[in-house]
There are 2 protein chains.
Amino acid sequence: MPQGQPSVVPDDGLTTRQRRNRALVLVHTGIGKGKSTAAFGLALRAWNQGWPIGVFQFVKSAKWKVGEENALRVLGASGEGGTVDWHKMGEGWSWVQRDGQMDNEEKAREGWEQVKRDLAAETYKLYVLDEFAYPMHWGWVDPDEVVSVLRDRPGTQHVVITGRNAPGQIVDLADLVTDMSKVKHPMDAGQKGQRGIEW
Amino acid sequence: MPQGQPSVVPDDGLTTRQRRNRALVLVHTGIGKGKSTAAFGLALRAWNQGWPIGVFQFVKSAKWKVGEENALRVLGASGEGGTVDWHKMGEGWSWVQRDGQMDNEEKAREGWEQVKRDLAAETYKLYVLDEFAYPMHWGWVDPDEVVSVLRDRPGTQHVVITGRNAPGQIVDLADLVTDMSKVKHPMDAGQKGQRGIEW
């Protein structure tokens with residue numbers, strides 16, 4: 001229940017309305033569960049506002065997130081709410097012709113290039129860059145470049161980045177950062193992932 | 001990407017299949033953002049599995065979570081995936097006739113009584129008890145009773161509880177606990193909540 005007054009009114013020359021509608025960069029990081037699910041939960045709010053949503057799944061396998069993907073596809077096609085474009089690295093980015101010749105590093109970089117093009121064109125109002133912290137952490141995509149692109153993005157475009165080990169520069173840039181900390185996980189008790197919960 | 005092998009195989013006499021399908025209690029607590037959004041993101045997976053979902057919103061005001069509610073209502077009515085029942089304390093529980101005569105403590109307790117009835121009847125396969133940590137923390141609903149009801153619930157019924165200050169007994173009982181820690185929040189920088197992000 002985070003309703004309430006801000007504790008500080010910044011001296012930034014903006015009106016409350018301007019400040020309220022400032023586009024955000026959100027980061028969900030940490031080793032606990034809930035980073036991606038919270039990003040897709042947020043997408044439900046964006047959908048309800050009628051926003052165009054772009055999801056970029058920066059994972060090798062396309063097996064994960066099928067529940068979220070199917071749900072958001074049904075919502076996007078429902079005629080109510082916003083639209084949803086779902087882009088998957090695991091199955092090959094749809095805009096890339098000869099994906100089979102690229103290694104994972106090239107694929108991740110190509111995903112980021114498309115995000116840059118869409119940000120420049122203001123294609124979406126919410127970007128879910130799922131698991132995007134990994135290619136930055138692994139050095140495949142330069143976090144400093146991501147910071148400068150996000151800082152200078154035009155219009156009102158919100159960006160959510162998920163994944164463990166979000167680089168420090170990204171955390172510094174972000175408006176909202178939540179660390180999902182693991183207190184307890186069923187795998188610790190010998191339980192494997194199960195459908196409906198893990199995917 | 002939590003795919004992988006469990007680190008321990010417990011000596012509980014269950015097969016892997018039995019253990020895999022054991023119903024879970026999940027807790028999203030902590031002061032950071034993402035507790036409820038992650039619960040509703042999880043509901044997308046449950047919906048995709050065709051599960052009946054029951055949401056119980058233990059909050060005074062009904063203004064929050066409208067994005068999630070509208071999205072899950074559209075999904076539940078889509079004819080694909082599972083069904084969704086959405087129960088709201090803020091607007092008065094639908095099954096209570098004379099809600100206006102109840103104070104918040106009575107309303108919270110009445111919500112829990114309905115959850116108990118539904119668990120006994122195995123009405124749903126996923127229960128989202130949103131903000132339910134608060135009435136327990138405030139002493140309105142006895143956490144020890146919640147523990148015993150959840151521990152003895154029949155069938156395969158998953159339960160997600162969100163809210164700050166989840167009581168220790170609930171954390172002990174739970175199979176999965178994530179603490180959403182606040183690293184940074186826009187309100188700290190004087191920004192108010194905005195549509196599409198906070199609701």
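Select Glu131(B) to begin: this residue of the predicted model is buried, with a relative accessible area of 5%. Glu131(B) sits in the loop that runs between β4 (126-130) and α5 (133-137) of chain B. Check its backbone as well, where phi is near 65 degrees, a positive value in a residue other than glycine. Most residues other than glycine have a negative phi.

For a second case, go to Asn165(A), whose phi is near 60 degrees and therefore also positive in a residue other than glycine. Asn165(A) belongs to the loop between β5 (158-162) and α7 (168-173) of chain A. Here the relative accessible area is 42%, which makes Asn165(A) partly exposed.

**Helix α6 of chain B**

Return to chain B and select α6, residues 143-151. Colour its buried residues: Pro143(B), Val146(B), Val147(B), Val149(B) and Leu150(B). Display the surrounding elements to see what covers them, including β1 (25-29), α4, α5, β5 (158-162) and α7 of chain B. At the N-terminal end of α6(B), Asp142(B) acts as the cap, with a side-chain oxygen 3.0 Å from the backbone nitrogen of Asp144(B).

Next pick Lys116(B), in helix α4 (residues 104-121) of chain B. Lys116(B) is partly exposed, at a relative accessible area of 21%. Which residues does Lys116(B) contact, leaving aside its neighbours within four places in sequence? They are Glu145(B) and Val149(B). A C-alpha to C-alpha distance drawn from Lys116(B) to Val149(B) reads 7.2 Å, for a pair 33 residues apart in sequence.

**The fold of chain A**

Hide chain B for now. Chain A has seven helices and six strands, and along the sequence they follow the pattern α-β-α-β-α-β-α-β-α-α-β-α-β. Of the 199 residues in chain A, 55% are buried. Among contacts in chain A with a separation of 6 or more, 77% are between residues 24 or more positions apart.

Select strand β3 (residues 84-88) of chain A: four of its five residues are buried, so the strand is largely enclosed by the rest of the structure. Add strand β2 (residues 53-57) of chain A, which runs parallel to β3(A) and is joined to it by five bridges. Within this pairing, Ile53(A) has Val84(A) as its bridge partner in β3(A).

**Salt bridges within a chain**

Over all chains the structure holds 24 salt bridges. One of them is between the side chains of Glu198(A) and Lys33(A), at 3.4 Å, N to O. This pair links distant parts of the chain, 165 residues apart: Glu198(A) is in the segment after β6 of chain A, and Lys33(A) is in the loop between β1 (25-29) and α2 (35-48) of chain A. Are these two residues buried or exposed? Glu198(A) counts as buried at 5% relative accessibility, and Lys33(A) is buried with a relative accessible area of 15%.

In chain B, look at Lys88(B) and Glu91(B), a salt bridge whose closest N and O atoms are 3.2 Å apart. Lys88(B) is buried, with a relative accessible area of 11%, whereas Glu91(B) is exposed, with a relative accessible area of 55%. In chain A, select Glu69(A), Arg73(A), Lys88(A) and Glu91(A), which salt bridges with shared partners join into one network.

**Where the chains meet**

Show both chains again. The contact takes 76 residues from chain A and 76 residues from chain B, and the two chains bury about 7000 Å² between them, 60% of it on carbon and sulfur atoms.

How many salt bridges are there between chain B and chain A? The count is two. Select Arg45(B) and Glu68(A): their closest N and O atoms are 2.7 Å apart. Arg45(B) lies in helix α2 of chain B and Glu68(A) in helix α3 (residues 66-76) of chain A, so the pair joins two chains. Both Arg45(B) and Glu68(A) are buried. Then select Glu68(B) and Arg45(A), whose side chains meet in a salt bridge at 2.7 Å, N to O.

The chains also share 25 residue pairs in polar contact, both residues being at pLDDT 80 or more. On the side of chain B that touches chain A, α1 (16-20), α2 (35-48), α3 (66-76), α7 (168-173) and β6 (176-184) each supply at least two residues. The largest share, 10 residues, comes from α2(B). By class, this side of chain B has 34 nonpolar, 23 polar and 19 charged residues.

Finish at strand β6 (residues 176-184) of chain A, which is antiparallel to β6(B) and joined to it by seven bridges. Val177(A) has Lys184(B) as its bridge partner there.

Note on methods: Residues are numbered from 1 along each chain as its sequence is written. Chains are lettered from A and ligands numbered from 1 in the order in which they are written. This is a predicted model: local features need pLDDT of at least 70, side-chain atom pairs count only at pLDDT 80 or more; totals for chains, interfaces and linings use all residues. Side-chain values use heavy atoms; hydrogens and water are left out. Contact means heavy atoms within 4.5 Å. Buried area is the accessible area (1.4 Å probe) that two parts lose on being put together, summed over both. A salt bridge is a side-chain nitrogen of Lys or Arg within 4 Å of a carboxyl oxygen of Asp or Glu. A polar contact is a pair of N or O atoms within 3.5 Å; within protein, one must be able to donate a hydrogen and the other to accept it, and residues adjacent in sequence count only if both atoms are side-chain atoms. Ala, Val, Leu, Ile, Met, Phe, Trp, Tyr, Cys and Pro count as nonpolar, Asp, Glu, Lys and Arg as charged, and the others, Gly among them, as polar. Two strands pair if DSSP finds at least two bridges between them. Buried means under 20% relative accessible area, exposed over 50%, partly exposed in between (1.4 Å probe, protein chains only).
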